[in-house]
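Biologist: I would like to go through this model with you, question by question. Could you keep the answers short and put the cut-offs in as we go?

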Amino acid sequence: MVEQLNHDNNTFKERSFPVTIICDHVTSASNIGSIFRLADAFGVEKIIFIGVEPVFSRRVEKTARATHKFIPYEYIENEEEYIAHLKEENYTIIALEITNNSKAIENLKIPLQNKTALLIGNENYGVSEKLLSIADHVHHIEMFGKNSSMNLAQATAISLYEITNRYRMVFIWAFYLILLN
């Protein structure tokens, strides 16, 4: 018999990865709440909001399912200064956007000795040109239908899966190498 597991009896190991989500003018309450849940699900270190300070409405709280109470976050007014700070701290900044020279997210290659910042943009306008120009990499999610975009939270989930999977594979290989020695 198949038994559905819950928070108390699943076999997942709690982990965190050196990943920060940067929200560039993200305003949708349901997206903000979903981003908090995704940050928890994928072991993200923190969330940074730039351009628009998040309002914790009933909708955000309902969608976040209490993750907004323990996932670290902050609001930053000066986005360029903050990005410069991340670069000084050796973060690899990945913008999630479809551009004329963006690469598919499944081809993501990041230096895993660095921390990663995933830059996601406004629901209608995407990542600003100013921030795109200072990102280390610009990646998109390949889509096969007629539409050229998807919901921000869904795109963030796919991207976080790809990013954290790269870190996870490094941990698996390191463990494997330890076992061989």
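Biologist: Leaving aside neighbours within four places in sequence, which residues does Ile163 contact?
Modeller: This is a predicted model, so local features need pLDDT of at least 70, side-chain atom pairs count only at pLDDT 80 or more, and totals for chains, interfaces and linings use all residues. Numbering runs from 1 along each chain as its sequence is written, and side-chain values use heavy atoms, with hydrogens and water left out. Contact means heavy atoms within 4.5 Å. With neighbours within four places set aside, the partners of Ile163 are Val19, Ile94, Leu108, Ile110, Thr116 and Leu118.

Biologist: Which element gives the most residues to the largest nonpolar core?
Modeller: A nonpolar core is a set of buried Ala, Val, Leu, Ile, Met, Phe, Trp, Tyr and Cys residues joined through side-chain atoms within 4.5 Å. Buried means under 20% relative accessible area, exposed over 50%, partly exposed in between, with a 1.4 Å probe and protein chains only. The largest core has 32 residues, and Ile21, Cys23, Ile35, Ile47, Ile120, Leu160 and Ile163 have the most contacts inside it. The element that gives the most to this core, with 7 residues, is helix 5.

Biologist: How many residues are in the second, separate core?
Modeller: Ile48, Ile83, Ala95 and Leu119 are included in this second core. Its size is 17 residues.

Biologist: Is His68 buried or exposed?
Modeller: His68 sits in the loop between helix 2 (58–64) and strand 3 (73–76); helices (H or I, at least four residues) and strands (E, at least two) are DSSP runs, numbered from the N terminus. Beyond four places in sequence, His68 is in contact with Phe36, Phe56, Glu61 and Tyr73. Its C-alpha is 9.3 Å from that of Ile35, 33 residues apart in sequence. Because its relative accessibility is 13%, His68 counts as buried.

Biologist: What is the phi of His25?
Modeller: Most residues other than glycine have a negative phi. His25 is found in the loop between strand 1 (17–24) and helix 1 (29–41), and it is partly exposed at 30% relative accessible area. Its phi is positive, near 60°.

Biologist: Where does Asn90 lie?
Modeller: Asn90 has a positive phi of about 65° although it is not a glycine. At 48% relative accessibility, Asn90 is partly exposed. Its place is the loop between helix 3 (79–88) and strand 4 (91–96).

Biologist: Which residues lie nearest the centre of the largest pocket?
Modeller: On a 1 Å grid over the protein atoms alone, a pocket is an open set of points where a 1.4 Å probe fits, with protein on both sides within 12 Å along at least five of seven lines; lining residues have an atom within 4 Å of a point. The largest pocket holds about 1,000 Å³, a volume being the space filled by probe spheres set on the points, which are joined across faces, edges and corners. Of its 23 lining residues, those nearest the centre are Phe12, Lys13, Asp40, Ala41 and Phe42.

Biologist: How many residues line the second largest pocket?
Modeller: About 370 Å³ of space lies in this second largest pocket. Closest to its centre are Leu96, Glu97, Ser149, Met150 and Ala155. The lining of the second largest pocket numbers 18 residues.

Biologist: Which residues are joined into one network by salt bridges that share partners?
Modeller: A salt bridge is a side-chain nitrogen of Lys or Arg within 4 Å of a carboxyl oxygen of Asp or Glu. Lys130 meets Glu79 at 3.6 Å, N to O, and because Lys130 lies in helix 4 (residues 129–134) and Glu79 in helix 3, the pair ties together parts 51 residues apart in sequence. Lys130 also meets Glu80, at 3.2 Å, N to O. The network is Glu79, Glu80 and Lys130.

Biologist: How far apart are the closest N and O atoms in the salt bridge of Asp136 with Lys87?
Modeller: Asp136 is partly exposed at 36% relative accessible area, and Lys87 is partly exposed at 33%. In the salt bridge of Asp136 with Lys87, the closest N and O atoms are separated by 3.0 Å.
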